[in-house]
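Trainee: Could we go through this model together? I would like to know what stands behind each label.
Mentor: Gladly, let's look at it first.

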Amino acid sequence: MKVGLLGQFGSGNSGNDGSLEAVVQFLRRTRPEDELVCICSNPEVVEKNLDVQAISITAAEHQGRVFRFFDKILFGVPRRLRNVMFSITTTSEFNAIIVPGTGILDDFQENPFGWPYVLFRWCLAAFLGGTQLAFVSVGAGPVNRHLSRWFIKRAAGFANYRSYRDQASLRFMQSIGFENRDDRIFPDVAFGLAAPKNEFQREGSPVIGVGVMSYHGWSKNAADRETIHHTYIEKLRIFIVWLVQNGYRVRILTGDAQDWRAVEELQKALVASLPDTSAIIAEQATDLHLLMAQIQQTDIIVATRFHNVVCALKLGRPTISIGYSSKNDQLLEDMALGHFCQHIETFEVEILKRQLDAMMQERESIAKNIQRRVEIYSQRLAMQESILLQTVLAKKPSNENAFLTEAVEPESTS
């Protein structure tokens, strides 16, 4: 079989690329004879890092001056039609296309003709070509723009198989009128990645991992984006200064290449605030394996990015979330840590301090509970792999989703 893997990969987001890697490992382990092709934002990066053939989500730029002229005066319609034809001819060569994890069904920092439209275009092409299409442990919502919602609903509707990584995603799709009674919930696929082998040897004062994100609000064109960003960085500065003054060591974590700008901004503020910053370590992590290696050297994590939280929980680390959407809250709720969440735009440093103090007192029991839940996640992911092998990736897959109703019970979030 020839299997396509569609998503925002190779663009510097380690969580997205880790999700791709997890599904690539599953396919290579169970179906080594299959040809894998990634359809993504930056094919060169994916080919280099994962040794997987990759192609761009868009057709090669047309060099003709006449085409470019008409494309300009017709507001890009000829280019979009050309990309539609490119998607149709490309997907006709595939037996199946998988969308592996990520928050693909939202419009964070996107306009309608960004990824919502790109996703619709490729899913439409798969449907027209009779190619099996699977959304595997994806995140959904929020989607604030009406046209983006239309694209996302239609794209999801073309799929033969859909699973979400949490109840919030399933409920969001239901809230926008999407019929998904046969869809199911399975953990984020990044939980399937292997953990680092070397365990952290705790010596000296506790280490708090603090995830830093280059966050400027949900909307790409938010009028108050700079105010949102600077307020967030200032609150992190106050919190980290308090940590150092109270004897903690700090390890700064990232999840996207763009986050390093925010880290540098934060570091400058910390140098101006502390006489000695030797208790603070900041190193770039270009993938989830490096991120997990850094998290392994911590005792407690305070994070914003979803896959910072995923990796922390994967390693059994007690985690506090200051997230920008409900996906963090939903995941921590499933770990019985729902009371350790705040929103990035409204979080209070004093509450964060109290949350950390409470977590320090309970961290051993919290860690054991997390480890038990992660083991269940591993079992659930194995169950989903079995379903995919029997249906979407079978030689003669069924076009119906009815098998899911009896094959898998919904995952409890209690």
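**Strands, a helix and a cavity**

Mentor: Let's start with one pair of residues: Val-138 stands opposite Tyr-164 in E6. Keep in mind that this is a predicted model.

Trainee: What makes strand E5 and strand E6 a pair?
Mentor: Pairing takes at least two bridges between the strands. Three bridges join E5 (residues 132-138) to E6 (residues 161-164), so the two count as paired, and they run parallel.

Trainee: How do you know that E1 and E2 pair as well?
Mentor: The same cut-off of at least two bridges applies. Strand E1 (residues 2-6) and E2 have five bridges, in the parallel sense, so they pass. As an example, Leu-6 has Ile-39 in E2 as its bridge partner.

Trainee: Why are E3 and E7 called edge strands?
Mentor: The order in the open sheet of seven strands is E3-E2-E1-E4-E5-E6-E7, with parallel pairing. Strand E3 (53-56) and strand E7 (184-185) each have a single partner strand, so one side of each has no neighbour in the sheet.

Trainee: What packs on the sheet at E2 and E3?
Mentor: Helix H2 (residues 43-50) does, touching strand E2 (35-40) and E3, and its direction makes about 170° with that of E3. Angles here run from 0 to 180 degrees between N-to-C directions, so about 170° means that H2 and E3 point in nearly opposite directions.

Trainee: What makes E2 "mostly covered"?
Mentor: Buried means under 20% relative accessible area, and five of the six residues of E2 are buried.

Trainee: Which residues of H2 are buried, and how do you know that they share a side?
Mentor: Pro-43, Val-46 and Leu-50 are the buried ones. They cover an arc of only 65° around the axis, which puts them on the same side of H2. These buried residues pack against helix H1 (14-30), E2 and E3. Glu-44, Lys-48 and Asn-49 are exposed, on the face turned away from the buried side.

Trainee: How many cavities of 30 Å³ or more does the structure hold?
Mentor: There are two of them. The second largest has a volume of about 60 Å³.

Trainee: Why is that space called a cavity and not a pocket?
Mentor: In a cavity a 1.4 Å probe fits but cannot get out, whereas a pocket is open. The lining of the second largest cavity includes Gly-103, Asp-106, Arg-165 and Lys-327. Helix H7 (167-175) and helix H12 (326-334) are the elements that give two or more residues to this lining.

Technical notes
Residues numbered from 1 in each chain as written. Predicted model: local features only at pLDDT ≥ 70, side-chain atom pairs only at ≥ 80, totals over all residues. Heavy atoms only, no water. Helix = DSSP H or I, 4+ residues; strand = E, 2+ residues; numbered from the N terminus. Contact = heavy atoms within 4.5 Å. Buried < 20%, exposed > 50% of the residue type's maximum accessible area, 1.4 Å probe, protein only. Arc of directions from axis to C-beta. 1 Å grid on protein atoms, 1.4 Å probe; cavity = no way out; pocket = protein on both sides within 12 Å on 5 of 7 lines; lining within 4 Å. Points joined across faces, edges and corners; volume = space filled by probe spheres on them.
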